[in-house]
Amino acid sequence: MQPTTQCLPMDCTYCYLPLRKRKHLMPVHVAEAVARPVNAWGADDPAFEVVWHGGEPLAAGREHLAALMAPFHGVRHSVQTNAALVDDAWCAFLLEHDVHVGVSIDGPEGMNTHRRTLAGHPGFGVTMRGIARLRRHGIPFSAIAVVSDPNPDKAARLYTFFADLGVDTLGVNVEEQEGVNVGVKEIDPERAAEFPAALADAWRARPVIRLREIQRVLNFADAVIGGRPTTPTRPPRPGIRCPPSATTAVW
């Protein structure tokens, strides 16, 4: 669910959201309408999660985000954030509401160049400051990285960055031409096809975090071997269950 269109303070070059510089808030009555069937689903599944994703959820403000969460009962909440707005007050909010956290960052500084602030400055530093606050408050987090250049020679460096950062789960999305993002450069399909294999090699050499793409394959293989349905399964952490293209406002 998208609590606001605003992406404060980021203006990523590959963003596909057309209204990311405007602050349109999801009305509370929309959350109440969604909560009615969701609460019934949550009653049947204690692991059911509501993911606040798209725009920058923290830009909605703590009071409004709390109001949007309030109608939901028996579910877990998670946010996918660029972490730039994370401060001690937000950390207290996340802990109080038991909110799972996913951070959007594309890797080490040299791979994070498409994430820039509205003022045109590199966004790496502000995101890392937010991550430092999460770690200081003992808040675990997953991560999503958007890869604009799926060069297999960079896969190990990407994985090592997130392993050292201490994320519990990593999801990797290759940049796509979508919405207002029409500037995707041409990618060598053969090199791009080698990227997932190189990423898997890095994971096998140091399997200290969950890699979403590997986990999906393992879940599928486990279902086949166990004779269970091979429908998609929910990953172990929030904020990484869908690529940016699947994030849709419901208002």
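Which residue of β2 is the bridge partner of V50? In this predicted model, that partner is H77, and the contact belongs to a set of four bridges that join β1 to β2 in the parallel sense. The protein chain holds seven helices and six strands, which follow one another along the sequence in the pattern α-β-α-β-α-β-α-β-α-β-α-β-α. Of the 251 residues in the protein chain, 49% are buried.

**The sheet**

- The six strands form an open sheet in the order β1-β2-β3-β4-β5-β6, and their pairing is parallel.
- At the edges of this sheet stand β1 (49-52) and β6 (210-211), each of which pairs on one side only.
- Strands of a sheet pair through backbone hydrogen bonds, in either a parallel or an antiparallel arrangement.
- Strand β3, made up of residues 99-104, pairs with strand β4, made up of residues 141-147, through four bridges in the parallel sense, and within this pairing V101 has F141 of β4 as its bridge partner.
- Strand β2 has five of its six residues buried, and is therefore largely enclosed by the rest of the structure.

**Helix α1**

- Helix α1 covers residues 28-44, a run of 17 residues, and spans 24 Å from its first C-alpha to its last, which is close to the 24 Å expected at 1.5 Å a residue.
- The helix nevertheless carries a kink of about 40° at R36, shortly before the proline P37.
- The buried residues of α1 are V30, A31, A35, V38, N39 and G42.
- By contrast with that buried set, W41 counts as partly exposed because its relative accessibility is 48%, which falls between the 20% limit for buried and the 50% limit for exposed.

**Aromatic contacts**

- A pair of aromatic rings is described by the distance of the centres and the angle of the planes.
- The model contains five aromatic pairs; one of them joins W41 and F48, whose ring centres are 6.0 Å apart and whose planes meet at 50°, so that this pair is classed as tilted.
- W52 and F72 form an edge-to-face pair, with 6.1 Å from centre to centre and 85° between the planes.
- This second pair links distant parts of the chain, since W52 belongs to strand β1 while F72 lies in the loop between α2 (62-69) and β2 (76-81), 20 residues apart.
- Both W52 and F72 are buried.
- F124, F161 and F162 come together in one aromatic cluster.
- A charged side chain also meets an aromatic ring, as R62 lies over the face of W90 at 5.4 Å from the ring centre.

**Salt bridges**

- Side chains of opposite charge can pair when their charged atoms come close.
- The structure holds eleven salt bridges, including one between the side chains of K154 and D149 with an N to O distance of 3.0 Å.
- Each member of that pair counts as partly exposed, K154 because its relative accessibility is 33% and D149 because its relative accessibility is 31%.
- The side chains of R206 and D164 meet in another salt bridge, at 2.9 Å from N to O.
- R206 is placed in the loop between α6 (189-205) and β6, whereas D164 is in helix α5 (residues 155-165), so this salt bridge ties together parts of the chain that are 42 residues apart in sequence.
- Both partners are again partly exposed, with a relative accessibility of 32% for R206 and of 49% for D164.
- R191 forms a salt bridge with E194, in which the closest N and O atoms are 3.6 Å apart.
- R191 and E194 both belong to helix α6, where they are three residues apart, or about one turn of the helix.
- An α-helix has 3.6 residues a turn, so residues three or four places apart point the same way.
- R191 is partly exposed, with a relative accessible area of 31%, and E194 likewise counts as partly exposed at 39% relative accessibility.
- Salt bridges that share partners also join D11, R20 and K21 into one network.

Note on methods
Residues are numbered from 1 along each chain as its sequence is written. This is a predicted model: local features need pLDDT of at least 70, side-chain atom pairs count only at pLDDT 80 or more; totals for chains, interfaces and linings use all residues. Side-chain values use heavy atoms; hydrogens and water are left out. Two strands pair if DSSP finds at least two bridges between them. Helices (H or I, at least four residues) and strands (E, at least two) are DSSP runs, numbered from the N terminus. Rings of Phe, Tyr and Trp (its six-membered ring) pair if their centres lie within 6.5 Å; planes under 30 degrees apart count as stacked, over 60 as edge-to-face and the rest as tilted. Buried means under 20% relative accessible area, exposed over 50%, partly exposed in between (1.4 Å probe, protein chains only). A charge sits over a ring if NZ of Lys or CZ of Arg is within 6 Å of the ring centre and within 35 degrees of the ring normal. A salt bridge is a side-chain nitrogen of Lys or Arg within 4 Å of a carboxyl oxygen of Asp or Glu. The expected span of a helix is 1.5 Å times one less than its number of residues. The bend at a residue is the angle between axes fitted to the seven residues ending there and the seven starting there.
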